[in-house]
Amino acid sequence: MKDNYVLQLQNITKEYPGVRALNDVSLEVKEGEILALIGENGAGKSTLIKTCSGAVIPTSGKIIVNGKEFAHMTPQLAKENGIAIIYQEFNNVKGLSAAENLFLGNPIRKGIIIDQKAMEKEAEKAFAQLNIKIDPKTLVGDLTVGYQQMVEIAKAIQQDARILIMDEPSAPLTSAEVESMFKVCELLRSKGVAIIYISHRLEEIYRLSDRIVVLRDGSYVKTLITKDSHVDELIRLMVGRDLKETYPSREECIVEDEIILELQNLSGNGDKDINLKIRKGEVLGLGGLVGAGRTELVEMIFGSVRKTSGKILFKGKEIDPKSPREAIDLGIALVPEDRKRHGALLGVSIKNNINMPIYKRISRGSVIDSRQEMDVAQKYQKDLLIKTPTLNQLVKNLSGGNQQKVIIGKWLAANSELIIFDEPTRGIDVGAKFEIYTLINKLLQQGKTILLISSEMEELMGMSDRIMVLYEGRVTGELERNEFDQNTIMRMSSGV
Amino acid sequence: GCTTKEPGSTGGQETSGTETGGSDKTFKVGVTIQSLENAYWAGVFGEVETLMKGKGWDYTILACNDNSATQIQQIENFVTNQVDLIMVHPSDPNAIEDYLKKAMDAGIKVMVWDDAMQNSTINWILDNTKLGYTIGTEAANFVNEHYSADNKAKIAIMNYPQTPILLERETGILAALEEIASGNYEVVAQQPALDAATALTNMETIMQANPDTKIVCSIGAGGDIGANEAFMTKTGGNIPADMGIFSADATQQQLEAIVAGQATRASVGFEGSNKKTAEAVVDLYERLMEGEAFPEQNIVRPLLVIDASNAEEYLADYK
Amino acid sequence: MKSTALNIIKEKAIWMVFVALFLVFAFANPLFVSSSNLFTIARQVAVLGIASIGMTFVILIAGIDLSVGSIITLVNVVGAYLMVNSGFGMVSAVLVSLLVGMLIGVLNGFLISTIGISAIIATFATQTVFKGLAYILSGGTPIYGFDERFKIIGQGYLGPVPVPVIIMIACFALGSFILNKSYFGRYFYAVGGSEEASRLSGILVGRTKYLVYALSGLFAGLAGIVMLSRTNSAQPTAGLGYEFDVITCVVLGGVSITGGYGKMSNVVAGVLIIGILTNGMVLMNVSTYMQLIVKGIVLALAVGFDSLQKKRATT
Amino acid sequence: MKSTALNIIKEKAIWMVFVALFLVFAFANPLFVSSSNLFTIARQVAVLGIASIGMTFVILIAGIDLSVGSIITLVNVVGAYLMVNSGFGMVSAVLVSLLVGMLIGVLNGFLISTIGISAIIATFATQTVFKGLAYILSGGTPIYGFDERFKIIGQGYLGPVPVPVIIMIACFALGSFILNKSYFGRYFYAVGGSEEASRLSGILVGRTKYLVYALSGLFAGLAGIVMLSRTNSAQPTAGLGYEFDVITCVVLGGVSITGGYGKMSNVVAGVLIIGILTNGMVLMNVSTYMQLIVKGIVLALAVGFDSLQKKRATT
Ligand SMILES: Nc1ncnc2c1ncn2[C@@H]1O[C@H](COP(=O)(O)OP(=O)(O)OP(=O)(O)O)[C@@H](O)[C@H]1O
Ligand SMILES: Nc1ncnc2c1ncn2[C@@H]1O[C@H](COP(=O)(O)OP(=O)(O)OP(=O)(O)O)[C@@H](O)[C@H]1O
Ligand SMILES: [Mg+2]
Ligand SMILES: [Mg+2]
């Protein structure tokens with residue numbers, strides 16, 4: 001049995017100042033096996049797999065690859081020993097082409113001269129295998145996040161690794177892209193490649209994996225055989241308690257004749273002639289494929305990018321926000337899709353993050369009222385159940401879910417009336433997801449209005465009162481709650 | 001209330017250097033000059049250092065890099081360090097009067113180089129305008145010899161107006177030319193050249209604009225050396241009789257160029273060589289520290305023109 | 001517990017360097033620790049300290065200000081010119097000079113924020129331009145002959161304490177207040193951490209940059225005025241190369257050159273290190289050439305020690 | 001199609017600036033376009049051009065090298081010292097000098113990569129140290145009196161073309177080859193784009209940095225040798241402040257100061273702009289002070305124009 005374990009992690013512990021991210025965790029994976037690794041945000045999944053490449057040096061423990069023992073790895077060692085990793089955060093170079101990114105670190109070369117042609121050809125093959133059309137010469141910085149992720153996947157696959165580790169690879173992908181990725185995973189499994197797969201999407205886990213390892217708070221909890229396990233058990237193991245339903249029930253909050261936001265023939269930023277209305281207390285879902293232009297639309301509403309024509313009416317008055325500041329002052333908030341780069345100020349404390357939009361308001365002259373600053377932070381920490389030892393903790397040291405809550409807290413503090421959520425639960429565990437959904441409902445009860453962008457069909461249908469679908473910058477359809485249907489939405493999303 | 005008096009400063013503190021005694025006594029000397037990034041200063045103070053080392057004195061030689069705030073700090077630090085003598089080459093005399101006074105009050109002898117200052121024991125002075133004037137005179141005579149009103153000499157000035165004393169030299173050069181060779185010349189360029197590389201580059205360009213530029217007046221050695229290299233390259237080493245560079249500093253390299261018959265014709269210096277200057281300076285230090293009273297506060301340095309007629313003689317000093 | 005200790009070491013490493021250096025000089029020359037010398041050091045670092053406050057803000061937002069030296073120079077020249085040649089009163093001359101410093105800062109803000117030139121290039125360009133202007137305005141020669149009272153700023157005493165030291169302490173207090181208590185101080189950290197996230201949190205990033213560079217210009221201007229009063233004569237080379245001394249202090253003080261992290265209190269240590277180094281080397285008779293070497297090595301060692309501490313603390 | 005046109009403008013903006021400046025000078029003074037003056041310009045920019053190649057690599061990896069000026073100085077002094085005072089042959093003196101330049105680069109690499117000091121501070125520290133060393137080695141005075149043949153490097157001609165120009169062109173070709181064809185040249189872009197991604201992709205980031213700074217030292221060393229041969233006398237101030245001229249060329253050439261983007265061919269434009277600016281202003285006998293102002297303004301305008309083009313192209 002033991003002999004065909006290609007990768008064993010034994011008693012891995014990792015300590016950061018003040019945090020024990022991993023506590024004596026062991027796991028192993030066999031040839032031709034897909035092992036799922038699950039756990040809440042901050043459970044230590046990413047930290048654990050990063051020890052396999054030396055991106056994280058464990059405080060103690062050992063790593064055994066094909067029988068060879070290592071105290072810690074380096075990216076070179078990992079490569080030499082047939083380990084390829086797709087990290088949760090993008091690891092690409094925006095100024096290099098897709099082909100060069102694919103071969104980053106080991107370009108095809110003759111002597112010291114690189115062979116661009118050969119790399120482009122290989123890249124084309126790799127992309128074809130994943131069913132995507134990317135010109136290998138395009139700079140990665142010019143690709144959408146979805147395509148960037150596909151490049152990452154292609155990069156890992158073309159390394160011909162014996163061990164493939166994927167940390168939430170599907171997060172930025174649409175279902176079609178996820179589908180092609182699955183096909184490739186299954187093909188690799190049949191070739192004997194060992195795969196460790198991390199995801200918060202449990203249906204993917206069931207679809208793909210052979211075994212499941214559950215982590216909680218940095219510790220190993222249990223290993224399950226996928227086909228013998230049940231979702232409820234899995235969730236209980238992850239969050240340490242029972243979680244009955246996926247979407248919390250909601251009381252009707254819509255105020256019929258009060259239109260909060262209206263767009264009239266809005267164009268710009270890649271979008272054309274967008275018309276929509278949101279009523280007070282409503283959740284309007286925006287559906288569509290990656291690249292449909294949803295993010296672009298809300299950027300205009302939020303004043304982050306200027307519109308070129310059309311009208312935005314907010315509470316009946318025409319507005320033209322020139323900066324996010326103006327939009328915020330009007331009562332509009334945006335929870336952006338790229339949490340780490342756009343949402344949270346990672347190097348700044350929780351307290352300061354939450355107060356950031358309202359500092360002027362809570363200052364006398366230029367002096368911050370530090371009592372009020374603390375009160376506000378404490379209020380939203382309590383309301384949102386932000387898990388942290390102290391409000392002075394830097395946001396970068398929080399798990400993804402808690403980071404998202406901090407961002408939401410910021411907008412609640414700013415007293416926003418319309419809150420735009422762009423992929424609010426991307427990369428967030430089921431427990432935290434449920435909390436965020438609950439939060440959305442609570443916001444509605446407080447009289448707020450929600451614009452929700454989501455690429456997860458389930459979530460979109462589960463949370464929205466109404467759904468509009470975008471395709472290539474245009475509205476292709478609108479559905480009332482009773483018309484919600486997966487196939488209809490898919491059709492509208494593909495422009496047919 | 002506000003004062004500019006240092007509280008608790010007793011003034012006139014007793015320091016070992018004020019006693020008179022045998023010349024084998026050890027002294028503590030603090031020197032601050034404008035810049036050591038300059039062949040002349042570096043050369044002279046290299047020698048001064050050797051001499052002081054030979055006498056077994058404690059010394060610190062500092063440059064303030066043309067910054068009087070730095071120079072003030074250095075003077076303050078010398079006072080703290082209870083030196084016997086401070087020699088200062090002022091970056092800006094007005095800036096340091098008060099601070100030298102404090103040094104004098106602390107019983108320290110003060111020697112000032114170049115400027116006639118009030119708060120000093122002696123001023124070893126030199127008039128930079130006059131120095132420039134002497135350079136200009138040499139050049140003007142050369143112009144009158146080789147050129148005329150209908151064959152005007154084209155003159156390039158290598159300047160460095162960023163430094164006040166060098167600006168004074170430039171002013172002196174221009175004044176002498178105008179007074180002595182009026183009508184026989186034309187200044188075609190005034191460009192900065194403290195270091196040889198810049199001088200060379202600028203000279204090349206000047207010769208593009210005015211190919212028959214044959215005369216250069218330079219405020220210092222760098223401009224001389226760079227211009228000389230440009231002329232040497234242009235003429236393939238055959239310097240015509242009507243070509244010449246006139247400059248200040250009279251460093252070894254310049255003297256060698258004069259002797260070798262290169263473009264450098266004359267350079268204005270003082271005691272003749274770095275060594276002679278250094279000896280004169282250290283001698284003054286010693287006399288000051290031994291308590292000798294000088295009848296005059298101002299001691300004027302004579303200027304010395306070195307050209308082909310006497311260059312060999314002074315060059316021998318360097319060997 | 002262990003982590004707190006580590007954090008303290010990490011936070012205070014630069015003060016340890018300061019203490020070590022202090023002890024070295026104290027042993028080498030007892031005069032170094034005389035109270036009069038300590039006051040001398042304090043007086044000497046005043047100009048540097050004042051200018052370093054503005055630079056701290058600039059480096060916190062991940063910028064850099066190479067124009068500081070030229071601002072100091074220009075303020076020297078303008079202030080002196082106004083007092084001597086234009087018949088301005090002392091107070092109005094000082095105010096106009098400070099305004100000039102601030103306006104150059106605003107110009108930097110314009111080039112960096114509105115035009116989008118990188119800070120290092122934009123401020124290098126303004127450095128060059130205003131260096132030239134200072135020469136032209138002064139004609140290359142010193143300007144002097146001010147009202148006697150003007151000396152008080154740089155040379156006066158309030159009781160036993162030199163006035164420039166009081167100004168520096170007041171400025172550090174103000175700087176510390178801005179960073180820790182004022183709302184725009186919070187913006188500096190935010191912008192230095194991530195401009196985009198700051199913008200999306202409602203911070204007017206452009207305006208913040210204008211403010212920071214204007215403050216840098218203002219503090220540099222004040223430093224220039226103190227210097228002018230200390231030297232009592234304006235030189236067109238007054239601030240030449242000063243920006244690197246200032247940057248060195250700030251970086252020694254642990255402000256991250258990539259922005260977002262740093263504390264005013266540690267910058268004080270950085271300023272003091274440079275102060276005692278300059279003073280101590282003169283007391284130890286170190287020659288000019290050798291001073292360059294020692295300064296470079298101390299800088300590398302101090303920052304290197306700090307970097308290694310931080311590396312150890314994070315991995 | 002539209003985007004291609006925009007891209008070309010974006011890519012070539014700096015050449016447009018060059019052409020505009022060229023025309024201005026050509027109209028102002030016909031001598032400017034004489035073939036002999038054009039050759040003079042080419043000769044004059046050789047030193048700058050050679051040094052800018054190493055700096056291009058450095059800035060591409062999001063670094064900076066402030067020690068370039070000091071390397072040029074030290075190489076001048078060491079090369080001259082070896083030839084004049086140590087009886088080294090010309091060739092071995094040149095080789096040892098180049099080695100010295102490279103070793104300083106390696107030291108920079110050590111401080112930056114192994115110790116973790118930020119590039120601006122590390123190279124400022126080495127700048128300071130080696131400036132001091134050059135003074136000590138030379139005693140502050142020029143060293144001269146080399147073999148006649150040594151002049152060929154900086155002053156010789158091959159047919160009608162000056163030798164330094166040939167060296168510069170060869171270096172640019174080599175630099176371009178390294179960036180576009182060699183695998184480690186591509187690593188420079190990768191490391192400049194994202195260090196973390198590069199490291200995790202198995203690129204030895206530390207080694208790449210060592211290489212880049214060593215190359216910068218080597219090219220600066222070569223520039224120093226050419227300068228030495230041009231002036232035929234080593235001065236301890238030879239390279240003073242040169243690093244900023246070099247950085248200016250590279251940034252004018254559109255290399256992003258934040259790393260990851262840039263092309264060698266545009267750096268050539270940057271070098272030429274500085275070359276014609278210096279030459280043209282002297283030809284027009286612009287006063288020293290005014291030259292500073294003009295240079296600063298042209299730098300701001302050129303980079304500003306470039307920045308605005310890029311802003312427009314991306315939004
Ligand atoms: N550099 C660091 N310094 C301090 N703490 C850290 C650091 N990196 C991670 N942590 C902490 O380690 C824990 C594990 O984080 P990790 O990113 O591995 O979680 P995860 O399971 O991948 O979560 P997610 O599902 O959100 O990706 C978290 O509590 C996190 O705050
Ligand atoms: N940097 C860029 N350069 C060129 N085109 C871009 C860039 N970023 C985005 N696009 C284009 O803009 C369009 C919208 O992309 P985006 O991914 O933001 O859409 P979206 O609707 O927000 O998708 P989702 O939210 O599902 O990720 C796409 O056509 C994409 O190709
Ligand atoms: Mg993770
Ligand atoms: Mg989007």
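Let's start at the metal: the magnesium ion (ligand 3) is held by two side-chain donors, OG of Ser46(A) and OE1 of Gln88(A), at 1.9 to 2.0 Å. Ser46(A) belongs to helix 1 (residues 45-50) of chain A, while Gln88(A) sits in the loop between strand 6 (83-86) and helix 3 (98-102) of chain A, so the pair ties together parts that are 42 residues apart in sequence. Keep in mind that this is a predicted model.

How buried or exposed are the two ligating residues? Ser46(A) has a relative accessibility of 15%, and because the cut-off for buried is under 20%, Ser46(A) counts as buried. Gln88(A), with a relative accessible area of 31%, is partly exposed.

While you're still in chain A, have a look at another glutamine. Gln149(A) is found in helix 5 (residues 145-158) of chain A, and at 3% relative accessibility it counts as buried. What does Gln149(A) touch, leaving aside residues up to four places away in sequence? The list is Ile86(A), Phe90(A), Glu168(A), Pro169(A), Pro172(A) and Leu173(A).

Now step across to the neighbour, chain D. On the chain A side 26 residues are in contact with 23 residues of chain D, and the two chains bury about 1,800 Å² between them, with 63% of that on carbon and sulfur atoms. Which residues of chain A lose the most area to chain D? They are Pro75(A), Gln76(A) and Ile112(A), which together make up 24% of what that side buries.

The polar side of this A–D interface is worth a look too. There is 1 salt bridge between chain A and chain D: Glu100(A) pairs with Arg186(D), and their closest N and O atoms are 2.5 Å apart. Alongside that, the count of residue pairs in polar contact is 8, with both residues at pLDDT 80 or more. As for secondary structure, the elements giving two or more residues to the side of chain A that touches chain D are helix 2 (75-80) and strand 8 (113-114) of chain A. Helix 2 of chain A provides the largest share, 3 residues. Sorted by class, that side of chain A has 11 nonpolar, 10 polar and 5 charged residues.

The other interface to visit is the one between chains B and C. Here 37 residues of chain B are in contact with 40 residues of chain C. Chain B and chain C bury about 3,400 Å² between them, and 49% of it is on carbon and sulfur atoms.

How many salt bridges does the rule find across the B–C interface? The number is 3. You can pick out a salt bridge between Glu76(B) and Arg230(C), where the closest N and O atoms are 3.2 Å apart. Polar contacts add to the picture, with 16 residue pairs across the interface of chain B and chain C, both residues at pLDDT 80 or more.

So where on chain B do the touching residues come from? The elements that contribute two or more residues to the side facing chain C are strand 1 (2-3), strand 3 (58-63), helix 2 (68-80), helix 3 (93-105) and helix 5 (164-180) of chain B. Helix 2 of chain B gives the largest share of that side, 8 residues. By class, the side of chain B that touches chain C comes out as 16 nonpolar, 14 polar and 7 charged residues.

Technical notes: Residues numbered from 1 in each chain as written. Chains lettered and ligands numbered in written order. Predicted model: local features only at pLDDT ≥ 70, side-chain atom pairs only at ≥ 80, totals over all residues. Heavy atoms only, no water. Contact = heavy atoms within 4.5 Å. Buried area = accessible area lost by both parts, 1.4 Å probe. Salt bridge = Lys/Arg side-chain N within 4 Å of Asp/Glu carboxyl O. Polar contact = N/O pair within 3.5 Å; in protein donor to acceptor, adjacent residues only side chain to side chain. Helix = DSSP H or I, 4+ residues; strand = E, 2+ residues; numbered from the N terminus. Nonpolar A, V, L, I, M, F, W, Y, C, P; charged D, E, K, R; others polar. Donors = N, O, S within 2.8 Å, 3.2 Å for Na, K, Ca; no water. Buried < 20%, exposed > 50% of the residue type's maximum accessible area, 1.4 Å probe, protein only.
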